[in-house]
Amino acid sequence: MTVLSGQGLHGPGANPWRGLPQAVLAIVVVVIGARFAPAQGYYLNILMQAATYAIGVLGLVIVLGYCGQISIAQAAFFGIGAYAVALGTVDFHINFFVALFIGVALSGLCGLILGLGTLRLGGHYLGMITISFQQILTLVLTNWIEFTHGPDGVRNVARPMLFGFSFDDGNTYLALILAAAVMVTLFVWRLKASRLGRAMQAVRDNELAASTSGINVYGTKVVAFGISAVLGAIGGGLFAGGFRYISPDQFSFGESIVLLTMALLGGVTSPFGALVGTVSLVLLPEWLRFLKQVYLAVYGASVILIMVFLPDGLWGFVDNRMRRRVKPVTGDVPPLPLLAQSGEATEEPVLVVEELAKHFGGLKAVDGVSLTVRRGTVHALIGPNGSGKTTFINVVTGLYEATGGKITFVGRDITTLAPHNRNRAGLARTYQNIRVFRGMTVLENVMIGAERQGNDVAHDPQAVVARALAALDFVEMRGDAHRLVGDLSYGHQRYVEIARALASSPHTLLLDEPAAGLNLTEKVELGNLLKRLKGHGLTIMIIDHDMNLVEQVADHITVLNFGKRIADGKPQDVLSHPDVIAAYLGEPRKHEAA
Amino acid sequence: MSDFLQLVFQGLGIGAIYALVSLGFVLLIRAASVVNFGQGEFSMLGAYLLVVFFNILGINYFFGIGLSVIIMAGFGLIFAYATYWPLRFRGGLPVIISTIGASIFLQNMVLWIYGPSTVPIDGLFDSDGFQIGEVFISSQYLAIIVIAAALVLLQYVIFEKTLLGKKLQATSQDKEMASLLGIPVVIMIMITFAYSAALGGLAGILVAPILFVSVGMAGIITLKAFAANIIGGYGSIPGAILGGLALGIAETLGANYISVPYKDAFAFLMLLAFLMVRPQGLFGEKISEKA
């Protein structure tokens, strides 16, 4: 195992303290620099604005960049933090940090409620609800004059005292917020390579595959949005202390758009991109000042140009050019424990499906199908196009709700379980039209499988990496561990998907038409892979059209036609069954048969 | 009671405007999967065009309207070319962001040219309106309702009874299949952009004598179109119309009986309520992704 801790394993969760010395150093440098820099007045303000906005923009990196959810209310959360600090210190005379904490808690709570209400639905709903939240907040800040001071805003916001040390001086306060910005940046950076961060990116890249890889999609989105709301409020609270005067128009819809643009301009999938974007857009209006009134129009036009010409943002542009080829990971890993969960007994039922039905309106896609998958066997599910095979798999893995029937998996009724909980119970699958996490590396994709809750290695980051590499070894893809999955060929993406499922040490692996879209050579390779899996005794259920492949590997075959089971048994019996031949080759005409 | 009827009538008038804008908004979602954050800018530009033609150049009012609507249709094509075309294969988010960029650009260009003050403009008729019982029927509101109803009817006829309409519908349902059947999908999408912009422009022109013409009208109208769209059912055409009407009435009643400063909040509260309780809206379908 020690062989693994080298530089090859950089990034994903290897060492929680990695980067700490640099972080401390960065904070010290920033603090000293800010404290003794001659920045005053105008420049001080620019720096304060950049640092506090950056914290808010980093929140967007999490919700939009990592998790792929559109939030158009970051200025509102920023505003909640700012008003909490302003009203708290001015009207209620409470401690700065207590007021900041109240604002952060309130903002997080709002984020949680909005997220819980909408994130179960598709992507644009969060965008819509955040717009309304933004508008309502602006109306309240402007009109609830007794409490918020209305359009006049709040003056003389206090700066904090901590253990008798005053941050009242501009440079001292700047040091405080810069230190906060550095810490938040590091947090967001570390998050990306953490288990939660990977889950977010998986949700962004492919929600369905994330859910059948054991990720609670809804929960992950809510957490991402909650964290972004919290960061927004922290940025806003520090902003209020910095400028000592706030008013509702500083937290309007337009400002939310500005924050969003900062994130996109810099590159929304990286915290460093967020910093670049924030600093650029804080400075850009200053540089464009000679344009007078047109500068916002130029700004709007540049947003379009950025989207068209710099899809990954400024940082993405630089990063793509700087990316060196990372060396393949060397070193030994323990072999993939395919039989880890299987215990002693073989041939005992693992997956028992009874009278399963799935109706779409009047269409009975799956109509009372029963079958039993036994431990250590390869069970094939075949049938003509439209016979209900894929629907069957989708109901078994929980993507569709069953209309009727019962599914028992390792002795447990899973009929109503959510997809991620079925995966956590040990049911892994692949998809006919490959579903990988395209924005992530091969290794990260497979790590998502390895760290499924309930897997034996899930709680040890080192072991997760080792397990993922073992799975990649098994499909002979280890050399590509650090490549982006999106850059691989179709056939190799299929292997990554299989490796992701294998790394989760499943009780049963469901393969939905693994040979679909593969060329002849790739099909032969796939056949060999399946034979190796079979040799290790993994329980597999495979759907395929390729009779050659099915005959080679299957121990047991179930045939579906028009949603009903028409045959079930040993391969030689099933394939010579007259109904099966009729389903595949057509019914012989009556008079010819006679 | 007469108060109430009066308010419902006004609400219907404003609602008809929201319905028209929302209709253009929905058509873009259906044809090109574009969530257009610049929809309100179409209305703003339409209104400013009429200001130029009528207030400044002194062209005949109705001729000016016709000219403005035609220019807006052309503008819809430019808009599509700038915001949608280069990003059309990159998924929903980049296009959304670029329409946001376009919205900022257009608002500030207009602000730069015309300044921040609101411009009053004449209504369609010389007479203010007439009295039926205790309800005063304003001619502008009445005209808005009648024109909106006529447009909806016309659109229905075009969509259901003509080949062009069938092609547009086919495009919105399945672009790949439509193009395999020989339907020029790109042209259909461009027609939708042009129509959507013209519809938005006309809505802006009709509401201009009531709200006056200003840069600020754009943002509010966009947001109301969103709200109407969710209330009616995301991507639903009848939903967009009824959602717009419902929103107009609720907002007018709310402003009168509850609070004027929070008038714009009612739309968003309704939106929040719908998203939480009935996210598919009045007419929407449940959304699910195919595995």
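The following dialogue discusses how to read several features of a predicted model.

Student: Where should I begin with the two chains: how many residues does each give to the contact?

Tutor: The contact draws 33 residues from chain A and 36 residues from chain B. On the chain A side, helices H4 (96–118), H5 (123–143), H11 (253–266) and H13 (295–309) each supply at least two residues. H5(A) has the largest share, with 10 residues.

Student: Which classes of residue make up the side of chain A that touches chain B?

Tutor: That side divides into 23 nonpolar and 10 polar residues, with no charged ones.

Student: Into which domains is chain A divided?

Tutor: There are three entries in the assignment: domain 1 covers 49–248, domain 2 covers 349–426 + 507–593, and domain 3 covers 435–504.

Student: How do I read the relation of domain 1 of chain A to domain 3 of chain A, and how many residues are in contact?

Tutor: Consider the centres, and then the contact. The C-alpha centres of domain 1 and domain 3 of chain A lie 34 Å apart. In the contact, 11 residues of domain 1 meet 15 residues of domain 3. On the domain 1 side, helix H8 (195–205) and helix H9 (207–211) of chain A each supply at least two residues, and the largest share, six residues, comes from H8(A). By class, this side of domain 1 has three nonpolar, four polar and four charged residues.

Student: How is a pair of packed helices described?

Tutor: Two packed helices are described by the angle between their axes and by the distance between the axes. In chain B, take helix H3 (residues 61–84) and helix H4 (residues 92–114): their axes come within 9 Å and cross at roughly 125°. H3(B) is therefore oblique to H4(B), because an angle from 115 to 145 degrees falls outside the roughly perpendicular and roughly antiparallel ranges. The crossing of H3(B) and H4(B) is right-handed.

Student: Which residues meet where H3(B) and H4(B) are in contact?

Tutor: From H3(B) come Phe79(B), Ala82(B), Thr83(B) and Tyr84(B), which meet Val95(B), Ser98(B), Thr99(B) and Ala102(B) of H4(B). By class, this contact has five nonpolar residues, three polar residues and no charged ones.

Student: Let us turn to strands. In which sense do strand E1 and strand E2 of chain B pair?

Tutor: Strand E1 (residues 129–132) and strand E2 (residues 135–138) of chain B pair in the antiparallel sense over four bridges. Phe130(B) stands opposite Ile137(B) in E2(B). The hairpin has two residues between the strands, and Gly133(B) takes a positive phi near 60° there.

Student: How should I read a sheet of several strands, for instance the open sheet of six strands in chain A: what is its order?

Tutor: Read the strands in their order across the sheet, which is E8-E9-E10-E5-E11-E12 (chain A), with mixed pairing. Strand E8 (427–429) and strand E12 (564–569) of chain A are the edge strands, as each pairs on one side only. Neighbouring strands of this sheet are turned by 20° against each other on average, direction ignored. At one edge, E12(A) runs antiparallel to strand E11 (residues 556–561) of chain A, and five bridges join them. Here Ile557(A) stands opposite Gly569(A) in E12(A).

Student: Which strands are at the edges of the open sheet in the order E4-E3-E6-E7?

Tutor: In that sheet of chain A, whose four strands pair in an antiparallel way, the edge strands are E4 (363–374) and E7 (412–413). Two bridges join strand E6 (residues 404–409) of chain A to E7(A), and Phe409(A) has Arg412(A) as its bridge partner in E7(A).

How values were computed. Residues numbered from 1 in each chain as written. Chains lettered and ligands numbered in written order. Predicted model: local features only at pLDDT ≥ 70, side-chain atom pairs only at ≥ 80, totals over all residues. Contact = placed C-beta atoms within 7 Å. Nonpolar A, V, L, I, M, F, W, Y, C, P; charged D, E, K, R; others polar. Domains from an automatic or database assignment. Pairing = 2+ DSSP bridges. Axes fitted to C-alpha atoms, helices over the stretch in contact; angles between N-to-C directions. Parallel < 35°, antiparallel > 145°, perpendicular 65-115°, else oblique. Left-handed = near helix turned anticlockwise from the far one by under 90°.
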